[in-house]
There are 2 protein chains.
Amino acid sequence: MDAKTDMEKQQERIRIKDIARLAGVSVGTVDRVLHSRSGVSPASRQKVEEILKQLNYQPNMYASALASNKKYAFACLLPDHSEGDYWEDVEKGMSQAVSSFSDFHISLDTLYYDQYEFGSFVEAGNRLLESNPDGVILSPTIEEETSHFVCLLQRLGIPYIFIDSNIPKLNPLAFYGQHAQKSGYFAARILHMLARESSGIVLFRQIYEGRLGSNQQLHREEGFYDYMREHAPGLKMWELNLYAKQPGQDEKLLDDFFRSHPQVNCGITFNSKAYLVGEYMLKHHRKDFHLMGYDLLRRNVECMKAGTIDFVIAQQPTMQGYNSIECLCNHLILKKKIKPCNYMPINLISADNIDFYFDAHTYE
Amino acid sequence: MDAKTDMEKQQERIRIKDIARLAGVSVGTVDRVLHSRSGVSPASRQKVEEILKQLNYQPNMYASALASNKKYAFACLLPDHSEGDYWEDVEKGMSQAVSSFSDFHISLDTLYYDQYEFGSFVEAGNRLLESNPDGVILSPTIEEETSHFVCLLQRLGIPYIFIDSNIPKLNPLAFYGQHAQKSGYFAARILHMLARESSGIVLFRQIYEGRLGSNQQLHREEGFYDYMREHAPGLKMWELNLYAKQPGQDEKLLDDFFRSHPQVNCGITFNSKAYLVGEYMLKHHRKDFHLMGYDLLRRNVECMKAGTIDFVIAQQPTMQGYNSIECLCNHLILKKKIKPCNYMPINLISADNIDFYFDAHTYE
DNA sequence: CGTACCTTTGTGTGCGTGCACAGAATGGAT
DNA sequence: ATCCATTCTGTGCACGCACACAAAGGTACG
C-alpha cells in the first residue's frame, strides 16, 4: 500500500525524492542544492534548504558512494622504519582502514624519508605531490620542512592530517595523537610510585645531531617535571644523554653512570627506545631497576616480559592510522564535519594487561 | 575505452557480472550460488564457486545493503540504572552505533529489568521475545535465568551477544568485555605500589541478598589474590562487606572498621561503587587513604578529582555497546565471520589521563 | 505429438544517489 | 511575432546487488 500513515513514514529514511516532493521541485534541483552547484533560482534554493533543515536530511552515504564512483588517492609521508617499530603499527592501522573502506574506491601510497636527513623529507614530499593526491597524512617530525611542505598543500587545496605529534599553527584538517605533556605528567605519577623515597630517578634522553629527537619528547619531559615539582620537589633527578646510533658508546655511558650513581634504581625514557636501557639491564642481570618508557615496540615488549621494563605508555598507533584514513573519507567523500584535535588515550601497559592492547582486533 | 588492459582491471573491484562472465553463466545464477539458494545445477554451482574462490570475490556491502532494503530489529536487555551509571555508557555506545549504521535500516529496542529481582528479568525477556527481534544483546548478570532465556533464543535461531561479563558455555555469538581475572591482577600490581610495605589493604565487597553481586566481581578478586600471593605474600588483607542499599549501615561499618584498623591506608572495590568509600573519606577529610575501584561513573570521577579515589580501572563500556551492535550488523547483514571472544583493554585511569577516556569521540 | 510439470537459467526492475543531457521558461534584441 | 541566449528545471541512465519473474530445456504421460 502506498497509503502509509505518517506515523509509519516517520521512521523511514528521508530520501532526495521526498525532499523534492515537499519542496515542489525535481530531484535534480535538490541534488544541485545539496552539492551547492550553480543553476538554481534563489527561490527554489531557499525552499529546498528550508525543507532540508526541517527534516534534517542525511544522505545515504552508501548510495552516494555507489553512484559517484570516484576514485580517491591518499598519500602518506612517514619516517622510514624497520620491523617491529612504532610506525609499522601506524601503517597497519592505515591499511586496515583502506580495506575497510575499499568500497569507497580509495587507495593509499606511502612514501618514506630519513627522519634525520632533512633533504630526504623534501625529496619525498616532492615525489608525493607529483602523484597529485586527494588527501595527505603525515607526521610533522621536522617543523621547518613540514611548514614549507604544508604551504604547498594548502596552495593546491589538498587537505592534510597530522598524526603522532601536532603543530596547531599549521592548522591541519585534523590531528590524531597523544597529549604529550599530560602523558609525561601521568608517567611521572606512576614512576613516583615505583621510586623509593630515598633514591633518585634518571631520565634517559635521545640525542641526534646535538638536539632532542622531537617535540613530543620535550613535551613529555615538561609534563614529567611539572608533576615532580608539584608532588616530589625533593626527589633527585639526573639526565643521561644516549645516542642510539652507536650502541657501544651508549653501553659505556650507562656503565659510567651506574658506577657513579649506584643508588639510582629508577629511570624513564621519553621516546620509544626504552629497550636500549632494558636490554642493558638484562645483559647485566639487574632486575632491581625500575624502568618506564613509551610505545609497544617488539623490543620493548620483550623487555617487559623479561622484567626489565616495568611499564610502557602506549599511544594507540594503529588507531591513529585507522582514524586518519577514516577522517579523510569522512571529509572528502561523506562531507562530514571533522573534529580538528583528537587526543588518543594515555594507556599504561605492564606485562599483565599487554595482551589486550594490540588494537588490531578492533578493526578486523 | 572498453579495452582496458588486464593490468588496469586487476585493480578494479570484481563484480558479480565479472564472475558470471568468467563462469559462463548469468548473474542470476551467481547470485543463487552466493546466497546458497536452490535451483542451480551441480555443474554450474561448482564452476561458479571455483571462480569465486579464485578471484576472492568480496561483495560490495553498500550496494548489497542498498538493494536488499531489509529492516533489522535489534533488542537489548539491560539492568535498569540511573543517570551517570555504567550502563548509561553502554547504551550511549549502542545508540552511536545505531546512528552510524542507520543506512542499514537497523533499529534498537532496549528493555530493562531489576538486577536483584529475578522475576523481572524473566518478564522483560518475554516482552523482548514478543517483538521478535533479529538479534539480541544482553549482559548475563544472572546465570540461571540467562541460561533459560538463551535456550529460547537458540530455539528461535536468534543470535545473541554478551557484554560486560561472559558465560562461555552458553556460547553467545560474541562476547565484549574485560578479562576480569587479569584486570584484578593488574589492579593488584598498582595497589601494591600504592601500599606502603608496613600497612595493609582492605577489600570492600558488595553484598546483595547474602551473595556477591556478580561473577565479574569474584574473578577480579581472584586475580587480585593471585597477584598478592605471588608478589606480596606477607601483606595483610581484610575484607569488609558493604550493602549499598542502606547508606547509614555502610557508614557505620566503615566507622567501625577504621576505628579498629587505624593502620590500614589502602583499599579497593571490585565493583563500580568505589564512590561509597570515596565519599566517606571526603566527608571525614581523610586524604591519606589510597583507594582504587572500577568504572568511570560520575560519582567515581568526582571522587578522583577530589582526590579520594587514586585510580580506577575502566573497561570501555561505550566501546562494548558500539561493538556489539556493529557485530550484529556484521553477522546478519554483511555475513562476516565473527570473533567470539573480544576482550576490552584494561585501562588505568587517574585524574591526569581521565580526559582522554570518554570514548564517545571515537565514533562521532 | 501435444500438454503438463519440474528444474535450471536469464532478464528486468528497483534500492538512493550523482551526473549528463534534454527540455522549459525567461528576457532581450530584431 | 520570431529568434536566440541564458538561466533554470526535469528526466534518464549508471553504480553493484537482490529478488521477482520469465524463459528455456528436459522429462513423463496420455
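How many nonpolar, polar and charged residues does the lining of the second largest pocket have? The first legend answers this; every view is taken from a predicted model.

**View 1. Lining of the second largest pocket.** The lining has 18 nonpolar, ten polar and twelve charged residues. It is made up of 40 residues, and those nearest the centre of the pocket are A:M193, A:L194, B:H192, B:M193 and B:L194. Chain A gives two or more residues to this lining from each of α9 (180–194), α10 (215–231) and α13 (298–306), and chain B does so from α9 (180–194), α10 (215–231) and α13 (298–306). The space in the second largest pocket comes to about 1,400 Å³.

**View 2. Protein surface near DNA strand D.** DNA strand D is surrounded by 26 residues, with A:S26, A:S44, B:I16, B:R37 and B:Y57 the closest. By class, this surface divides into ten nonpolar, eleven polar and five charged residues. Of the strand D atoms within 4 Å of the protein, 73% are sugar or phosphate atoms, and the rest belong to bases.

**View 3. Polar contacts to DNA strand D.** A backbone N or O atom of A:S26 is placed 2.6 Å from a phosphate oxygen of the strand. Base oxygens are also approached: one lies 3.5 Å from a polar backbone atom of A:L66, and a base oxygen is 3.3 Å from a polar backbone atom of A:A67. Elements giving two or more residues to the surface near strand D are α3 (27–34) and α5 (61–68) of chain A, along with α5 (61–68) of chain B.

**View 4. Protein surface near DNA strand C.** Around DNA strand C there are 26 residues, of which A:I16, A:Y57, A:A67, B:S26 and B:S44 come nearest. Sugar and phosphate make up 69% of the strand C atoms that come within 4 Å of the protein. At least two residues of this surface come from each of α5 of chain A, α3 (27–34) of chain B and α5 of chain B. The surface has ten nonpolar, eleven polar and five charged residues.

**View 5. Phosphate contacts of DNA strand C.** A polar side-chain atom of B:S44 is 2.5 Å from a phosphate oxygen of strand C. From chain A, a polar backbone atom of A:N60 lies 3.2 Å from a phosphate oxygen, and an N or O atom in the side chain of A:D31 lies 3.3 Å from a phosphate oxygen.

**View 6. Helix α12 of chain A.** Within this helix (residues 274–283), the buried residues are A:A274, A:Y275, A:V277, A:G278, A:Y280 and A:M281. A:H285, which follows α12(A), has a positive phi near 50°.

Terms used:
Residues are numbered from 1 along each chain as its sequence is written. Chains are lettered from A and ligands numbered from 1 in the order in which they are written. This is a predicted model: local features need pLDDT of at least 70, side-chain atom pairs count only at pLDDT 80 or more; totals for chains, interfaces and linings use all residues. Side-chain values use heavy atoms; hydrogens and water are left out. A residue is near a molecule or strand if one of its heavy atoms lies within 4 Å of it. A polar contact is a pair of N or O atoms within 3.5 Å; within protein, one must be able to donate a hydrogen and the other to accept it, and residues adjacent in sequence count only if both atoms are side-chain atoms. Helices (H or I, at least four residues) and strands (E, at least two) are DSSP runs, numbered from the N terminus. Ala, Val, Leu, Ile, Met, Phe, Trp, Tyr, Cys and Pro count as nonpolar, Asp, Glu, Lys and Arg as charged, and the others, Gly among them, as polar. On a 1 Å grid over the protein atoms alone, a cavity is a set of points where a 1.4 Å probe fits but cannot get out, and a pocket is an open set with protein on both sides within 12 Å along at least five of seven lines; lining residues have an atom within 4 Å of a point. Grid points are joined across faces, edges and corners, and a volume is the space filled by probe spheres set on the points. Buried means under 20% relative accessible area, exposed over 50%, partly exposed in between (1.4 Å probe, protein chains only).
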